[in-house]
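Let's take a walk through this structure together, one region at a time. Have the viewer open and follow along as we go.

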Amino acid sequence: MDFDLMLRVYPFFLDAAWVTIQLSVLTALLGLTCGTLGASARLSRFALLRFLGAAYVSVFRGTPALIQLFILYFGGPQIGIQLDAFEAGVIGLGINAGAYMTETIRGAIISIDKGQREAARTLGLSQWQATYNVILPQAARLMVRPLGVNLNMLIKATALVAAISVVELTYTAQRYIGSTYKPFEMFLLAGLLYMIIIYATGRAVTWLDRKVQIT
Amino acid sequence: MTDQSHFVEIRHAQKSYGTLEVLKDISLNVERGQIVAIIGPSGSGKSTLLRAVNDLDSLTGGEVWLDGVQVNKDLPHRQYEKHINAMRQDIGMVFQHFNLFPHLTARENVVMAPKMLKGLSKEDANKLAEEQLEKVGMLDRIDYYPSRLSGGQKQRVAIARALAMKPKLMLFDEATSALDPELVDEVNMVMKKLAEEHMTMIIVTHEMDFAASVCDRVLFMDQGVVVEEGPPEIVFKNPTKDRTREFLRKHLAGAA
């Protein structure tokens, strides 16, 4: 194994890892937004919204994320959507992650005992007041860990955007393989950096989960 | 519309789920300060009737009135929500499984609704919490989360939470059924205290002794109808209907 080479290219991989982190953060934010909207739709009292929410989830969980990215990035211009690779990556992965998060958020909300809403409504709180003050604070605590799992998956999914030429970790590894012919070292380095990112987020999620639990 | 002359008036309450009729034309009047107990086997519709009083379960027919206002008014969704939220502020309810908010302390459980709906200041809210928790003997646990309270303590906090809205009427839906036997008394004591203060109450219960000792009137329900109704001395000691007799025999035998 060529450690020398790994040390030499390491700074360039760090830059690439920074792009992966940016991608991950933006994707997570967009995913959370889509997930919140999706879950709200799925739990709406309007049948049309419930249908749209369910359709969103089954379409984006029912097709490969890579195909979704290809449709957006390569197929987009055909229907007038011009995005650069990074934008397409964030939007494609964000909407995809949102479908998974929709189910996470919805699951946490419906797992709150219905007696909680009843008690709140009985006191005179409106549907929205009950949701906001009684259901969501409890559901949010239950969401932390499963959303952490979603986050873990979406960080790894950012590797897919190498296929639409976003210069992140995986793409960078491939590029250096082209000039060094050392795929073992290059992919190992990329994998190591992914692991560090994921380990750090995992710890952060565990910390947050402990922090929000009721004593 | 006829004149509304009783404090609580249930007129021809009817409720069905599909073809299953759980309430069959039930009428009930409760006067101010009166305590009415509803007893009966499970599935008799007694909880459903109680939950119809604040429209937690909507009737499919009939009317519920409280203090001259119809609770289950026929209104468009938005207006109805506004109306029912206002009505429910006057109707306290206590549940079998307490339904305390686990993310809030006893104090916060008690003051959440009054703060939100009545715009209480911080000092007033604190005073209210102390007052209400004192009343149920839970002042020493005011900053405890529900997870650190026993069942009986939880239920007492739940009663304080309902009382904090200063309701005109209190509904108890098997308030002691989920409690360990040794914790039942502390909750019954609180309910007795309310009775002495002439709180109007409708109580669904399995505790015949307690019902007999506090209530002015007993309703025995079975299969969606009121089988027998009267003062506890009559219903418990000299029931006129076979079904009441049979139920009481089974129930009292089970309790002994």
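## Salt bridges, interface and cores

In this predicted model, B:Glu131 and B:Lys166 form a salt bridge, with their closest N and O atoms 3.4 Å apart. B:Glu131 belongs to helix H4 (residues 122-135) of chain B and B:Lys166 to the loop between H5 and E7 of chain B, so the pair ties together parts that lie 35 residues apart in sequence. B:Glu131 counts as partly exposed at 40% relative accessibility, and B:Lys166 counts as partly exposed at 47%.

Helix H4 of chain B also holds B:Lys135, whose partner B:Glu197 sits in the loop between helix H6 (181-196) and strand E8 (200-204) of chain B, 62 residues apart. The side chains of B:Glu197 and B:Lys135 meet in a salt bridge at 3.0 Å, N to O. B:Glu197 is partly exposed, with a relative accessible area of 41%, and B:Lys135 is partly exposed too, at 26% relative accessibility.

Another salt bridge joins B:Asp90 to B:Lys168, with the closest N and O atoms 3.8 Å apart. Here B:Asp90 comes from the loop between H2 and E6 of chain B, while B:Lys168 comes from the loop between H5 and strand E7 (169-173) of chain B, and the two are 78 residues apart. B:Asp90 is partly exposed at 24% relative accessibility, and B:Lys168 is partly exposed at 32%. Over all chains, the count comes to 23 salt bridges.

Now turn to the place where the chains meet. How many residues of chain B are in contact with chain A? There are 26 of them, and they are in contact with 22 residues of chain A. The area buried between the two chains is about 2000 Å², with carbon and sulfur atoms giving 59% of it. B:Phe101, B:His103 and B:Met116 supply 26% of the area that chain B buries against chain A, more than any other three residues.

Charged and polar pairs cross this interface as well. Two salt bridges are found between chain B and chain A, and one pairs the side chains of A:Glu118 and B:Arg51 at 2.7 Å, N to O. A:Glu118 and B:Arg51 also belong to a network of salt bridges that links them with A:Lys114 and B:Asp57. Seven residue pairs are in polar contact across the interface, both residues at pLDDT 80 or more. On the chain B side, helix H2 (77-88), strand E6 (91-94), helix H3 (106-118) and helix H5 (151-163) each supply at least two residues. H2(B) gives the largest share, five residues. By class, the side of chain B that touches chain A has 15 nonpolar, seven polar and four charged residues.

Across the interface, look at helix H5 (residues 114-122) of chain A. Why is H5(A) described as largely enclosed by the rest of the structure? Seven of its nine residues are buried, so that description follows. A:Glu118 is among the buried residues of H5(A), as are A:Gly115 and A:Arg121. Their cover includes H6 of chain A, together with helix H1 (46-53), H2, E6 and H5 of chain B. At the N-terminal end of H5(A), A:Asp113 acts as a cap, with a side-chain oxygen 2.8 Å from the backbone nitrogen of A:Gly115. After the helix comes A:Gly124, whose phi is positive, near 110 degrees.

Chain A as a whole has eight helices and zero strands, and 44% of its 215 residues count as buried. Its C-alpha trace spans about 70 × 50 × 20 Å along the principal axes. Among contacts in chain A between residues at least 6 apart in sequence, 75% join residues at least 24 apart.

Finally, let's go to the nonpolar interior. In soluble globular proteins, nonpolar side chains tend to be buried together. The largest nonpolar core here has 56 residues, and B:Leu49, B:Phe101 and B:Ile202 are among those with the most contacts inside it. Helix H6 (residues 127-157) of chain A contributes the largest share of this core, seven residues. Leaving aside neighbours within four places in sequence, B:Ile202 is in contact with residues including B:Val8, B:Val30, B:Leu169 and B:Phe172. Apart from this core lies another, of 50 residues, among them B:Ile35, B:Ala160, B:Met199 and B:Phe220.

How values were computed: Residues numbered from 1 in each chain as written. Chains lettered and ligands numbered in written order. Heavy atoms only, no water. Contact = heavy atoms within 4.5 Å. Buried area = accessible area lost by both parts, 1.4 Å probe. Salt bridge = Lys/Arg side-chain N within 4 Å of Asp/Glu carboxyl O. Polar contact = N/O pair within 3.5 Å; in protein donor to acceptor, adjacent residues only side chain to side chain. Helix = DSSP H or I, 4+ residues; strand = E, 2+ residues; numbered from the N terminus. Nonpolar A, V, L, I, M, F, W, Y, C, P; charged D, E, K, R; others polar. Core = buried A, V, L, I, M, F, W, Y, C linked by side-chain atoms within 4.5 Å. Buried < 20%, exposed > 50% of the residue type's maximum accessible area, 1.4 Å probe, protein only.
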